[in-house]
Amino acid sequence: MHDALLVILTTIVPVSELRGGIPLGIALGLEPWLVFALAVTTNILIFFPTRLALSWFYRSVFTRIPHFNDYLVRVRRNGEPKIRKYGLLGLLLFVAVPLPITGAYTGTVLSWLLAMEWKRSFIAVAIGVVFAGIIVMLATMGVVSIATLS
């Protein structure tokens, strides 16, 4: 149980997300399907507190920052052509690529910044997280398999 909690906590950390949680769980000897389920579910659920925190910060803090609304309008106006062109598929692919800075947290912030509808954004982020989880799991299992051959 302690090891599963470590996987969840590692997945919650914005820097590592499931890209750290899955390899950690495998290294700790947990069942791969359990590691995948814990990391992906945790990473998907990050969407809600992140989106709520952004809305709260906007109402409570950001609106008090001079010119922040002007900045937000500019970001949304500049991002609008890209949303029209790539839309939710672009967001999904952005989250699915398991690289630093391209995860559920960043995808959620991006969807908020660009004023994308939250329900559809959640679906795109969730599917992206599943794809990222599959990629990280396959890479981790491949490394483990190669390491056991040595």
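## Helices, rings and a lone arginine

Student: Let's start with E17: which helix is its place in?
Tutor: Keep in mind that we're looking at a predicted model. The helix that holds E17 runs over residues 17-27. That makes the place of E17 helix α2.

Student: And is E17 buried or exposed, going by its relative accessible area?
Tutor: The cut-off to use is 20%, since buried means under 20% relative accessible area. E17 comes in at 4%, so it counts as buried.

Student: What is phi of E17 near?
Tutor: E17 is a residue other than glycine, and its phi is a positive value. The backbone angle there is near 50°.

Student: How many of the residues of α2 are buried?
Tutor: Among the buried ones are E17, L18, R19 and G20. G21, I22, G25 and I26 are on the list too. The helix is mostly covered, and out of 11 residues the buried count is 8.

Student: Which residue with positive phi follows α2?
Tutor: Its phi is near 90°. The residue that comes after α2 is G29.

Student: P23 is in helix α2 as well; does it count as buried or partly exposed?
Tutor: Its relative accessibility is 29%. Partly exposed covers the range between 20% and 50%, so P23 counts as partly exposed.

Student: Leaving aside neighbours within four places in sequence, which residues is P23 in contact with?
Tutor: One of them, L18, is itself a buried residue of α2. The full set for P23 is L18, V136 and T140.

Student: How far apart in space are P23 and K85, C-alpha to C-alpha?
Tutor: In sequence, 62 residues separate P23 and K85. For scale, the C-alpha atoms of the protein fill a box of roughly 55 × 35 × 25 Å along the principal axes. From C-alpha to C-alpha, P23 and K85 are apart by 35 Å.

Student: Now R51: which side chain of opposite charge is nearest?
Tutor: R51 is found in helix α4, residues 47-60. The residue is buried yet has no salt bridge. A salt bridge needs the charged atoms within 4 Å, and R51 has to look 7.8 Å away for its nearest opposite charge, on E117.

Student: Which side chain does the side chain of R51 make a polar contact with?
Tutor: The distance for this pair is 2.8 Å. Beyond its neighbours within four places in sequence, R51 is in contact with several residues, including T108, W112 and W118. The polar partner is also in that contact set, and it is S111.

Student: How many of the residues of α6 are buried?
Tutor: S111 and W112 are among the buried ones, as are A104, Y105, G107, T108 and L113. The helix is mostly covered, and of its 10 residues the buried number is 7.

Student: How many aromatic pairs does the structure hold, and is the pair of Y58 and W112 stacked or edge-to-face?
Tutor: The structure holds 10 aromatic pairs. Y58 and W112 are 5.8 Å apart centre to centre, with 65° between the planes. An angle over 60 degrees is the cut-off here, so this pair counts as edge-to-face.

Student: How many residues apart are Y58 and W112?
Tutor: The pair links distant parts of the chain. Y58 belongs to helix α4 and W112 to helix α6, residues 104-113. Along the sequence, the separation is 54 residues.

Student: Of those two, W112 has which relative accessible area?
Tutor: Y58 is partly exposed at 23%. W112 is buried, with a value of 8%.

Student: Which residue's charged end sits over the ring of W112?
Tutor: W112 belongs to one aromatic cluster with W56, F57, Y58, F62, F68 and Y71. The charged end in question lies 5.6 Å from the centre of the W112 ring. It is that of R76.

Student: Last one: what share of the 150 residues of the protein count as buried?
Tutor: The protein has 7 helices and 0 strands. Residues 24 or more positions apart make up 74% of the contacts with a separation of 6 or more. The buried share of the residues is 38%.

Note on methods:
Residues numbered from 1 in each chain as written. Predicted model: local features only at pLDDT ≥ 70, side-chain atom pairs only at ≥ 80, totals over all residues. Heavy atoms only, no water. Helix = DSSP H or I, 4+ residues; strand = E, 2+ residues; numbered from the N terminus. Buried < 20%, exposed > 50% of the residue type's maximum accessible area, 1.4 Å probe, protein only. Lys, Arg positive; Asp, Glu negative; His and termini not counted. Polar contact = N/O pair within 3.5 Å; in protein donor to acceptor, adjacent residues only side chain to side chain. Contact = heavy atoms within 4.5 Å. Phe/Tyr/Trp six-rings, centres within 6.5 Å; stacked < 30°, edge-to-face > 60°. Lys NZ or Arg CZ within 6 Å of the ring centre and 35° of its normal.
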